[in-house]
Amino acid sequence: MSKEASKYLTCADPVLGQFIKKLEPVTLAPNNRITLFEALVKSVIGQQLSGKAAHSILSKLKVQVGGKKPISSEKILSTSYGKIRSAGVSDSKARTIITLAEMVKTGAIPSSRKMRSMSDEEIVQALIAVKGIGQWTAEMILMFKLGRQDVMPATDLGVRKGYSIIFTSMELAAPKTILEHSQKWSPYRSFAAKYFWAAVDAKL
């Protein structure tokens with residue numbers, strides 16, 4: 001699928017295609033190594049933090065809720081607010097995680113199995129119903145947990161920087177500009193986003 005997506009993007013957008021040829025191929029697939037709940041917790045913790053800082057906090061939270069096994073909604077609900085906070089989780093994120101656990105328990109958040117039959121937009125709407133989970137967090141779940149291929153997280157700073165690098169924009173590209181341009185990359189917009197991140201990492 002990676003080769004197919006790269007070929008499609010190269011044909012659909014020659015400027016993007018020039019950069020795709022310079023970069024290592026990106027891949028995208030559902031991540032079955034992490035549960036949906038832990039993926040959501042990871043995304044909440046990662047909001048506005050570096051990857052290293054988010055990983056450290058998630059590791060501490062795992063210890064606080066009972067070891068290195070996956071963080072479950074049951075474990076969160078049986079752990080005190082103070083213990084969750086002591087892992088380095090901010091007040092607002094701790095409350096979001098607890099609310100998320102409660103909604104998973106009641107079935108208000110669909111299971112990953114149910115999400116397979118839902119559209120991207122239906123999943124986004126279900127997730128953003130949780131206070132503290134916004135469009136960006138939902139898009140990260142679509143891409144990195146569910147492996148959805150046609151997601152464009154246009155508000156992401158890395159995506160905006162990568163787009164600006166590839167399309168030689170002197171100013172940081174606006175999300176609206178990226179979304180409008182992204183129509184030509186559909187149905188492989190997730191791959192385009194990953195190439196934008198790769199462009200930033202490669203410092204092209």
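**Close-up views of an all-helix chain**

**View 1. Glu171 sits in the loop that joins helix 11 (157-166) to helix 12 (175-182).** The model shown here and in the other views is predicted. Is Glu171 buried or exposed? Glu171 is exposed, and its relative accessible area is 64%. For exposed residues, the cut-off is over 50% relative accessible area. Ile57 gives a sense of distance: 114 residues separate Glu171 from Ile57 in sequence, and their C-alpha atoms are 33 Å apart in space.

**View 2. Helix 12 has buried residues along one face.** The buried residues of helix 12 are Ile178, His181 and Ser182. Looking down the helix axis, these buried residues fall within an arc of 100°, so they line one face of helix 12. An α-helix has 3.6 residues a turn, so residues three or four places apart point the same way. Which residues are exposed on the other side of helix 12? They are Lys176 and Glu180. The cover over the buried residues of helix 12 includes helix 11 and helix 13.

**View 3. A cis peptide bond links Ser186 to Pro187.** The omega angle of this bond is near 15°. Most peptide bonds are trans. Where does Pro187 lie? Pro187 is in the loop between helix 12 and helix 13 (189-202).

**View 4. Helix 9 (residues 120-127) has four buried residues to look for: Ile123, Val124, Ala126 and Leu127.** Seen down the axis of helix 9, the buried residues fall within an arc of 165°, so they line one face of the helix. What do the buried residues of helix 9 pack against? Their partners are helix 3 (36-45), helix 8 (112-115) and helix 10 (135-145).

**View 5. Leu142 is a residue of helix 10, and it is buried.** The relative accessible area of Leu142 is 2%. Because buried means under 20% relative accessible area, Leu142 counts as buried at that value. Leaving aside residues up to four places away in sequence, Leu142 touches Asp120, Ile123, Val124, Gly147, Arg148 and Val151. Of these, Ile123 and Val124 are among the buried residues of helix 9. Ala193 lies 51 residues from Leu142 along the chain, and the C-alpha atoms of the two are separated by 13 Å.

**View 6. Arg148 lies in the loop between helix 10 and helix 11.** Is Arg148 buried or exposed? Arg148 counts as buried, at 17% relative accessibility. Which residues does Arg148 touch, not counting residues up to four places away in sequence? They are Leu28, Met115, Arg116, Met118, Ser119, Asp120, Ile123, Leu142, Met143 and Ser190. Leu142, the residue of View 5, is one of them. Arg148 and Arg95 are 53 residues apart along the chain, with 28 Å between their C-alpha atoms.

**View 7. Lys22 lies in the loop between helix 2 (14-20) and helix 3.** Lys22 is exposed, and its relative accessible area is 57%. How far from the C-alpha atom of Lys22 is that of Ala199? The separation is 9.3 Å, although the two residues are 177 residues apart along the chain.

**View 8. The whole chain, for orientation, has 13 helices and 0 strands.** The radius of gyration is 18 Å, close to the 17 Å that the globule rule gives for 204 residues, so the chain is as compact as a globular protein of that length. Along the principal axes, the C-alpha atoms fill a box of roughly 55 × 35 × 30 Å. Of the 204 residues, 46% count as buried. Contacts in the chain between residues at least 6 apart in sequence include many long-range ones: 65% join residues at least 24 apart. The accessible surface comes to about 11000 Å², and 55% of it belongs to carbon and sulfur atoms. There are 30 positive and 16 negative side chains, and the centres of the two sets lie 8 Å apart.

Methods
Residues numbered from 1 in each chain as written. Predicted model: local features only at pLDDT ≥ 70, side-chain atom pairs only at ≥ 80, totals over all residues. Heavy atoms only, no water. Helix = DSSP H or I, 4+ residues; strand = E, 2+ residues; numbered from the N terminus. Rg over C-alpha atoms; globule rule 2.2 N^0.38 Å. Buried < 20%, exposed > 50% of the residue type's maximum accessible area, 1.4 Å probe, protein only. Contact = heavy atoms within 4.5 Å. Areas by Shrake-Rupley, 256 points an atom, 1.4 Å probe, with all protein chains shown as cover. Lys, Arg positive; Asp, Glu negative; His and termini not counted. Charge placed at Lys NZ, Arg CZ, Asp CG, Glu CD. Arc of directions from axis to C-beta.
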